[in-house]
Amino acid sequence: YLMHLSKLIKAVNFDEKNGIVTFKNWHNFTNLNQFVLDWEIVTNENKVINSGTTDTSCEPHQTVDIRF
């Protein structure tokens, strides 16, 4: 699923470690607060165990950590 997100937003990179996702905003002029992140945590059997919506502020060429 995270790979799907990467394809949708090419100018944003991300990495996950221990339940924290670090986003890197490669946009030159756009803050990530212009986007809404809808997310789901699913099991290997595609059962949704948690979901939500997150508004994230991250200035261009900066990073932000989000705990899920």
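**Strands, hairpins and a core: how the calls are made**

Colleague: What makes this a sheet, and in which order do its strands sit?

Modeller: In this predicted model, 3 strands form an open sheet in the order 1-2-5, and the pairing is antiparallel. Strand 1 and strand 5 are the edge strands, each pairing on one side only. From one strand to the next, the twist averages 20°.

Colleague: How do you know that strand 1 and strand 2 pair?

Modeller: Count the bridges. The cut-off is at least two between the strands. Strand 1 (residues 12-17) and strand 2 (residues 20-25) have 6, in the antiparallel sense, so they count as paired. You can pick out partners by eye: Phe14 bridges to Phe23 in strand 2, and Asn13 stands opposite Lys24.

Colleague: And what links those two strands in the chain?

Modeller: They form a hairpin with 2 residues between them. Look at Asn18 in that turn: its phi is positive, about 55°.

Colleague: What makes strand 5 a partner of strand 2?

Modeller: Same test. Strand 2 and strand 5 (residues 63-67) share 5 bridges, again antiparallel; the rule asks for at least two, so this pair passes. Ile20 opposite Arg67 is one place to look.

Colleague: How do you know that strand 3 and strand 4 are paired?

Modeller: Strand 3 (residues 36-42) and strand 4 (residues 48-55) run antiparallel and are joined by 7 bridges. With at least two needed, they therefore pair. Trp39, for instance, has Gly52 as its bridge partner in strand 4. These strands make a hairpin too, with 5 residues between them, and there Asn46 has a positive phi near 65°.

Colleague: Why is a group of residues here called a nonpolar core, and which residues are in it?

Modeller: The largest one has 10 residues: Val12, Phe14, Val21, Phe23, Leu32, Leu37, Trp39, Cys58, Val64 and Ile66. To earn the name, residues of the nonpolar kinds must be buried and joined through side-chain atoms within 4.5 Å. Buried, in turn, means under 20% relative accessible area. This set is listed as a core, so its members meet those conditions. Strand 1, strand 2, strand 3 and strand 5 each give two or more residues to the core.

Colleague: Where is confidence lowest, and where is it highest?

Modeller: Lowest is helix 1 (residues 2-8), with a mean pLDDT of 52; highest is strand 5, at 91. Local features need at least 70, and the helix 1 mean is 52. Over the chain, the average is 83, and 85% of the residues score at least 70.

Conventions
Residues numbered from 1 in each chain as written. Predicted model: local features only at pLDDT ≥ 70, side-chain atom pairs only at ≥ 80, totals over all residues. Heavy atoms only, no water. Helix = DSSP H or I, 4+ residues; strand = E, 2+ residues; numbered from the N terminus. Axes fitted to C-alpha atoms, helices over the stretch in contact; angles between N-to-C directions. Buried < 20%, exposed > 50% of the residue type's maximum accessible area, 1.4 Å probe, protein only. pLDDT = per-residue confidence, 0-100.
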